[in-house]
Amino acid sequence: MIRINEHFTKLKASYLFADIAKRVNAYVAANPDKPVIRLGIGDVTEPLPPVCIAALHAATEEMAHRATFKGYGPEQGYAFLREAIAQHDFKALGAHVEPDEVFISDGSKCDVANIQEIFAADTRLAIPDPVYPVYVDTNVMAGRTGANADGRYTGITYLDSTAANGYVPAPPATPADLIYLCFPNNPTGAVATRAQLAAWVAYARKNNAIILYDAAYESYVRTPGIPRSIYEIEGARDVAIEFRSYSKLAGFTGLRCAYTVVPKNLKARDASGAEHAVHALWNRRHTTKFNGVSYPVQKAAAAIYTPAGQAQTRGLTDFYLGNAKLIREAVTKLGLTCIGGDNAPYLWVNTGRDSWEFFDLLLNQAQVVTTPGAGFGKCGEGHVRISAFNSRENVTLALARIAAALK
Ligand code: PLP
């Protein structure tokens, strides 16, 4: 009989957001007259920027005529978008990225999930805790870990992100081969300084390791001097892959477009010790298993780099950061401590009690959905993540209800 990949059976019973949905659905079914406000899942609420809508219409019109119709495009993405990215997202920061080092995709979730398959089965992993669950689960599926015991998988070096280290872990004392970092962080909203990232680059260089740098929220960085890209750090091109997404920058969660940068000088070895260009491996993987992002969507992404697109996307991220500021002020006024919200759309609130208990309290007493920190890892216990992705009206109402519930 056909057998399953048994590594899947090691995964914790259900996905965090499925657990949350179950509790919220049960509450809504029992209380149909009490509408809930969702500050849980990190999905955007505001519509696409007008430049993107105009680009989508124009590209659709091109698809309507034989002379301008487009079939399959290059799997790695159209040159017009890859060139705009290299210029605006990196050269403008003083970072060096070539257009052909950019791989356009339909989302960072797929990219951060898929990248691990080009590395060896016995790759030693270093993964933060709390963490975006995709990094851990995809390595469990690939068989790089043992069983889950007491909330942690054996075979992973967990990088604790706690109040004690300002939620930014330092490199561990032991060597690792593949390191996942995410700044601005989901779920904590913490950002890493130049010196902190430089320590990670130095560690990776010393250990011949690779950093997978998830910069899905870079467009929320406002504090001057905080790096937006790992490639702002000297030497990072030799040791880092960076992931970027248009989801939170321009509201593309439903449109789908992102990209991954793999520098051509990034090397990894085979069992014999021979060096291989990681770029060539990822190119092979990407072109074999992915058939490109649609032309209209890539045109919409390229429109973000026009002056009007820059102004409109800045308006969007400023709007969500405005929500985050209100949440931060309200939470602090209630005597709770938190981080995040200044360079990220998430706030990481110290609950002073079990995180699912606090989640249930806010759901039942305030009809507000948050995300229990324990769902992001052991170090998430005692915290909830509050997302700033909602309308101003809903955020204001949610904060009033939370204040009343916690009084
Ligand atoms: N990386 C992080 C840290 C995220 O929080 C998310 C989405 O919430 C993603 C990646 C996925 O982004 P995308 O919509 O491009 O798949």
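Which helices each supply at least two residues of the shell around the ligand? Helix H4 (108–114) and helix H7 (247–250) do so. The model on display is a predicted one, and the tour begins at its ligand.

**The shell.** Select the ligand together with the residues around it, 14 in number. Asn186, Asp214, Tyr217, Ser245 and Ser247 come nearest. Colouring the shell by residue class will show 5 nonpolar, 5 polar and 4 charged residues.

**Polar side chains at the ligand.** Select Tyr217 next, where a polar side-chain atom lies 2.6 Å from an oxygen atom of the ligand. Then proceed to Ser247, one of the residues that come nearest to the ligand. A polar atom in the side chain of Ser247 is 2.5 Å from a ligand oxygen atom. Arg256 is the following stop: an N or O atom of the Arg256 side chain is 2.8 Å from an oxygen atom of the ligand. Now display the surface of the ligand; on its own, the ligand has 400 Å² of accessible area, and the protein covers 91% of this.

**Helix H10.** Leave the ligand and select helix H10, which spans residues 307–333. Within helix H10, pick out Gly315. Is Gly315 buried, partly exposed or exposed? Gly315 is classed as partly exposed because its relative accessible area is 37%, which falls between the limits of 20% for buried and 50% for exposed.

**A final distance.** With Gly315 still selected, add Ala250 and draw a line between the two C-alpha atoms. The two residues are 65 residues apart along the chain, and their C-alpha atoms are separated by 9.7 Å.

How values were computed. Residues numbered from 1 in each chain as written. Predicted model: local features only at pLDDT ≥ 70, side-chain atom pairs only at ≥ 80, totals over all residues. Heavy atoms only, no water. Near = heavy atom within 4 Å. Polar contact = N/O pair within 3.5 Å; in protein donor to acceptor, adjacent residues only side chain to side chain. Areas by Shrake-Rupley, 256 points an atom, 1.4 Å probe, with all protein chains shown as cover. Helix = DSSP H or I, 4+ residues; strand = E, 2+ residues; numbered from the N terminus. Nonpolar A, V, L, I, M, F, W, Y, C, P; charged D, E, K, R; others polar. Buried < 20%, exposed > 50% of the residue type's maximum accessible area, 1.4 Å probe, protein only.
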